[in-house]
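Please open the model in your viewer and keep the sequence beside it, since this tour moves from one selection to the next.

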Amino acid sequence: MRGARPEEFNFNTNPSTPNTGQPTPPYPAGVGGGGGRKKGVGVRSWLVLNSSGSADPKEEGKHAIMRRTGLPARDLRILDPLLSYPSTVLGRERAIVINLEHIKAIITAQEVLLLNSKDPSVSPFIEELKRRIVCHHQATNPQEEHSSEGEAGTPQSSGDQGSEAKKGAKQSLENQDGSKVLPFEFVALEACLEAASSSLEHEALRLELEAHPALDKLTSKISTLNLERVRQIKSRLVAITGRVQKVRDELEHLLDDDEDMAEMYLTEKLAQKLEDSSNSSMNESDTFEVDLPQGDEDDRLPTEFASEANRDESYLQAHDAHDLLMSAHGALSRNSRGTHTSSTRSAMTNKLDVEELEMLLEAYFVQIDGTLNKLSTLREYVDDTEDYINIMLDDKQNHLLQMGVMLTTATLVLSAFIAVAGVFGMNISIELFKDDKNGPGRFLWTVIGGSLGSIFLYVGAIGWCKYKRLLE
């Protein structure tokens, strides 16, 4: 061992400078320097739920999660809370990436990794997921015990075991009462879909309960406060509609693509890999079984030795080629970037039946589509209210315009009467102003006649406007 204990070294060469020659002590984590920053790069808190339902919080880095789940870095970037990614459901070779609303998780064939487990909105989902996983474990555990007892009581060959494993992988798990049990990844996926759809549905229902009273109040009284409330409700409606539409489009995309659904059968693919490995090991054992006769070794012909050597050489070449293929497959699996061109995917697409997953996705697609229809109905109600408000405002504006026309007409007629009064106010000599010929009675008749003429002109102008349909 090269590493030595620090107390065995003493680099102190000068008593006056005790720290000279000694290695610099490392900074503690999170206290100054670059050590703390380097330790915290890419490390996040994950909650790991295994197939038995037990939760284990862990601090894992990005590269550790990549090695654990076989996901590329770009898929992990979807779960980054600092980045704004839309709702996404991705099926990969060894895991399913879930980014639905507040749920950010990675589902494998044996465990679930939750990123934002400390979020209060995620706590009910975690409890529900634990309950489902425990129920799934209790439903499948008696079958495992029964299969283990059967294997111990009745020994079978490796070929029979491989065929039984293949047969069990092709069929759905069944409970003791004969009901089907979903695979582990589908149980977790169903919990994520139900939590996301329920959250969106509750948010839509709460928005609907707030929107109807506000809109009814706005129709009864148009004010700045009511308009501001309706504006906020409409903004929230547009935001939640976009989120629901994105989830719906994601589920619709999965339902339209059988290859993406086949990629999510993680338990099936894992069983297929185990079966392939068992078959390859069985073929290797059969190849190594070479029957050598007990006698007459010296009587063999040289051609027999030559054929035996050629067969050994061909086997070594085949074995080396098989090792090369396995190493290349491992490298491709490690360096996978989530592309849809892998040979495993094409093989599993041809073999798997996606009806089970399709029925699961269709159920939540219908639920999300119903939520979207509710939001669409609410949006239509908001639009109808806006149209009604605009009609009311236009009607009031028309009334104001009519009042303006009537006031303008009255001002015009009054101005004509004032003009007559101005004419009589001129400093001229006429008989009307002579007291000996005309008295106060003539003045009153002049005023009354001018007033009646002004009223007649006003009524005539209003009647003409109504005749031309300029006024109601």
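A residue is called buried when its relative accessible area is under 20% and exposed when that value is over 50%. The model on your screen is a predicted one.

Begin by selecting residues 440-467, which make up helix α13. Its 28 residues should span 40 Å at 1.5 Å a residue, and because the end C-alpha atoms are 41 Å apart, the expected and modelled spans agree.

Within α13, next pick out G450, S454, I462 and C465, which are buried. To see what they pack against, add residues 355-424, which form α12.

Now turn to the surface and select F443, L444, V447, I448, L452, I455 and V459, which together form a nonpolar patch with about 670 Å² of accessible area. Is F443, a member of this patch that lies in helix α13, buried or exposed? F443 counts as exposed because its relative accessible area is 55%, which is over the 50% cut-off.

Then colour residues 400-423 and 443-465, the two stretches that an unreviewed UniProt entry annotates as "transmembrane region"; such annotations may be inferred rather than shown by experiment. Over residues 400-423 the chain is 100% helix and 0% strand, with end C-alpha atoms 34 Å apart. For residues 443-465 the model likewise gives 100% helix and 0% strand, and the C-alpha atoms at the ends are 34 Å apart.

Finish just after α13 by selecting R469, whose backbone takes a positive phi of about 60°.

Notes. Residues are numbered from 1 along each chain as its sequence is written. This is a predicted model: local features need pLDDT of at least 70, side-chain atom pairs count only at pLDDT 80 or more; totals for chains, interfaces and linings use all residues. Side-chain values use heavy atoms; hydrogens and water are left out. Helices (H or I, at least four residues) and strands (E, at least two) are DSSP runs, numbered from the N terminus. The expected span of a helix is 1.5 Å times one less than its number of residues. Buried means under 20% relative accessible area, exposed over 50%, partly exposed in between (1.4 Å probe, protein chains only). Contact means heavy atoms within 4.5 Å. Patches are made of residues with over 30% relative accessible area and no salt bridge: like charges are joined within 9 Å, nonpolar side chains (Val, Leu, Ile, Met, Phe, Trp, Tyr) within 5 Å. Accessible areas come from the Shrake-Rupley method with a 1.4 Å probe; for residues, only the protein chains shown count as cover. A salt bridge is a side-chain nitrogen of Lys or Arg within 4 Å of a carboxyl oxygen of Asp or Glu.
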